[in-house]
Amino acid sequence: MVDVIQVTNPATGERVAEVNIQSDEEIKEAINRGHHAFQTWSKIDAHERSRLIRAWSAKVQEHKEELAKLMTLENGKPLNEARGEIDYSTDYLDWYAEEAKRIYGRTIPANTGTKRIIVTKEPIGLVAAITPWNFPTAMMARKAAPALAAGCTFIVKPASETPLSGMKFIDYAHEVGIPKDVIQYVMGQGKAVGEIFTESEFVRKITFTGSTAVGKQLIKNSSDKIQHVTMELGGHAPLIVAEDADVEMAAQQTIATKFRNAGQTCVCANRILVHENVLEEFTEKFVAEVKKLEVGNGLEEGVDIGPIINEKGYNKIVSQIEDAISKGAEVLVGSQFQSDMEKGYFFVYPTVLKNVTTEMMIMHEETFGPVAPIISFKTIEEAVELANGTPYGLAAYFFTNDYRVGHYLHEHLKFGIIGWNDGGPSAAHAPFGGMKASGLGREGGIEGIEPYLETKYLSIGGL
Ligand code: SIN
């Protein structure tokens, strides 16, 4: 009997599709094919690789609407967000199609006239990726595009909750002529596939987006074969509203960062830190905006907040809200739920909590849901201490119009991505990634192709 993964619509619990799970042997064969394909793909000139990645991007855009609908069906995010994710995905394809042509080496002046020193870059080999359900195509694109641009081959295990849009995304690569063995997907249980990837002598790099716990395990396992790793792990983003901030703008931008994908992103603001002198004004404006958000099936027009991906995610959010309330938090809006365990759908209405303290779980654990806890501070130093008081270091946001406060916060916040008066800093042309428990390496920008390249140094003597 063939094992299958059931893909369901998280807004209704209805079955969308069944996807076959491959056997360990089949996955190992796919790795072998990827390894052999590297011998030819890495020799194709960069301009041709670039052309193929650009053609892939155009093909995805041709099918944008159908791909976005498929994504909403399996992930639940509102259709407009899904369309935005397709654009975000092709931004990575377009950016790295260009970067393929800019993989430069260098020459170094030698300390004797009889020598010449040349540094060149080479693709590292077959790359294995494990991608998450919250951005089924964008996280794939930001790993696959630099890998292919660099001359690497690529194999990915998409998330079991949302494999369909990622698989379709890769089918489009094949349709434009990128060879089947150059970019492949495999389906299986995450742990088992991760072990096959890390045990393989042919896999030269593991790239993963997901939880810190799984990331740590992959790093440990990858040490045996000394594989390169890029890890984009958990976050617990602070958002600071300083005394002099444009409060209207801060409230609007907080909506953008907090409620994107129903709060299910690694960079969603998880703690809202507001100066005591603007606490009332900010809270009032923010709550008024939150009340406008429509909750429902992402396929319906006008919906802003879709379902939570599964029961595990839902239970975590509910327990954080209950814990906060039991410790004295006041609910300003939300704390409403709509779920059906039998059918398998789970909604959390956007929730704002006041009188939050550092004793509450929500101040330490990643929420991955539409809950905004507000805590006040008196000095900017106190805000920094609160903000940095987490093992994570992915994204942070602050709102101030005072350049000295902005400069101070930029220098003191220990996070890889910082939005200053900006709730949406993610972009294909900028380096995305975190410090501390949030991971290793960067994706996007010129930094994002380096991890797919080896540096080779040639010293020519006797001249
Ligand atoms: C993530 O949540 O992992 C990615 C979010 C982004 O790229 O903005």
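Which cysteine sulfur is closest to the sulfur of C268, and how far away is it? In this predicted model, the closest cysteine sulfur belongs to C266 and lies 8.6 Å from that of C268. A disulfide requires two cysteine sulfur atoms within 2.5 Å, so the sulfur of C268 is too far from that of C266 for a bond. By this rule, the count for the model is zero disulfides.

The accessibility of two cysteines can also be stated. C268 has a relative accessibility of 4% and therefore counts as buried. C152 counts as buried because its relative accessibility is 0%. The cut-off behind both statements is a relative accessible area under 20%.

**The ligand and its surroundings**

C266 appears again in the surroundings of the ligand, as one of the closest residues. The ligand is surrounded by 13 residues, and the closest are Y88, R142, R260, C266 and S426. By character, the residues of this shell comprise six nonpolar, four polar and three charged. The ligand is located in the largest cavity.

Three side chains place an N or O atom at the following distances from an oxygen atom of the ligand.

| Side chain | Distance to a ligand oxygen atom |
|---|---|
| R260 | 2.9 Å |
| R142 | 3.0 Å |
| N134 | 3.3 Å |

On its own, the ligand has 260 Å² of accessible area, and the protein covers 100% of this area. R142 and R260, which appear in the table, are also among the closest residues to the ligand.

In summary, the model contains zero disulfides by the distance rule, and its ligand sits in the largest cavity, with 100% of its accessible area covered by the protein.

Methods
Residues are numbered from 1 along each chain as its sequence is written. This is a predicted model: local features need pLDDT of at least 70, side-chain atom pairs count only at pLDDT 80 or more; totals for chains, interfaces and linings use all residues. Side-chain values use heavy atoms; hydrogens and water are left out. A residue is near a molecule or strand if one of its heavy atoms lies within 4 Å of it. A polar contact is a pair of N or O atoms within 3.5 Å; within protein, one must be able to donate a hydrogen and the other to accept it, and residues adjacent in sequence count only if both atoms are side-chain atoms. Accessible areas come from the Shrake-Rupley method with a 1.4 Å probe; for residues, only the protein chains shown count as cover. On a 1 Å grid over the protein atoms alone, a cavity is a set of points where a 1.4 Å probe fits but cannot get out, and a pocket is an open set with protein on both sides within 12 Å along at least five of seven lines; lining residues have an atom within 4 Å of a point. A molecule sits in a cavity or pocket if more than half of its atoms lie within 2 Å of its grid points. Ala, Val, Leu, Ile, Met, Phe, Trp, Tyr, Cys and Pro count as nonpolar, Asp, Glu, Lys and Arg as charged, and the others, Gly among them, as polar. Buried means under 20% relative accessible area, exposed over 50%, partly exposed in between (1.4 Å probe, protein chains only).
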